[in-house]
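Biologist: Could you take me through one part of this protein closely, the nonpolar core, and set it in the context of the fold? I'd be glad of a connected account rather than a list.

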Amino acid sequence: MDFLRSRQRLSFTLQLSKGDVVSATLLNIGFGNTVVASRVIAIVTTSSAPMKRLKEEAKEGRKLIDATQGRKTRSIIITDSNHIILSALQAETIAQRFEHEEILKTNSKD
């Protein structure tokens, strides 16, 4: 497994036994927690009632992942698998990191 690290970015490439290669960019969501950037659908704040209901429904459906490390929840990350991830970082901070990843990905393709 090859790793490429930067301040907020962790990319990896995994060679499978059949010769297939899987690669992904991980997005730092705070306190050593990461998510696969390509699986993120939305990053939202927790202040509205619909987001609080979304959090409760995910908890009841066993699709809630708490990555706050005991701190106050400041953002909710929604993935393509309908998992809800709670983060202690502001939504704007995570969005900036996500945008930075997209710029790096675009530049690396050139």
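Modeller: Happily! The protein chain has 2 helices and 8 strands, and along the sequence they follow the pattern β-β-β-β-β-α-β-β-β-α. Bear in mind that this is a predicted model. Of the 110 residues in the protein chain, 33% are buried.

Now to the core you asked about. The largest nonpolar core is made of 10 residues: Leu27, Ile29, Val35, Ala37, Val40, Ala67, Ile77, Ile85, Leu89 and Ile94. One of its members, Ala37, is in contact with Thr25, Leu26, Leu27 and Phe98, once neighbours within four places in sequence are set aside. There is also a second, separate core of 5 residues, among them Ala58, Ile78, Ile84 and Leu86.

Ala58 takes us to helix H1, which covers residues 49-60. The length of H1 checks out, because its 12 residues at 1.5 Å each should span 16 Å and its end C-alpha atoms are 17 Å apart. Just after H1, Arg62 adopts a positive phi of about 60 degrees.

As for aromatic rings, a search of the whole structure finds 0 aromatic pairs. Phe31 does have a charged partner, though: Arg71 lies over the face of its ring, 3.8 Å from the ring centre.

Stepping back to the whole chain, among contacts with a separation of 6 or more, 39% are between residues 24 or more positions apart. On the outside, the accessible surface of the protein chain comes to about 7,300 Å², with 49% of that belonging to carbon and sulfur atoms.

How values were computed: Residues numbered from 1 in each chain as written. Predicted model: local features only at pLDDT ≥ 70, side-chain atom pairs only at ≥ 80, totals over all residues. Heavy atoms only, no water. Helix = DSSP H or I, 4+ residues; strand = E, 2+ residues; numbered from the N terminus. Expected span 1.5 Å × (residues − 1). Core = buried A, V, L, I, M, F, W, Y, C linked by side-chain atoms within 4.5 Å. Buried < 20%, exposed > 50% of the residue type's maximum accessible area, 1.4 Å probe, protein only. Contact = heavy atoms within 4.5 Å. Phe/Tyr/Trp six-rings, centres within 6.5 Å; stacked < 30°, edge-to-face > 60°. Lys NZ or Arg CZ within 6 Å of the ring centre and 35° of its normal. Areas by Shrake-Rupley, 256 points an atom, 1.4 Å probe, with all protein chains shown as cover.
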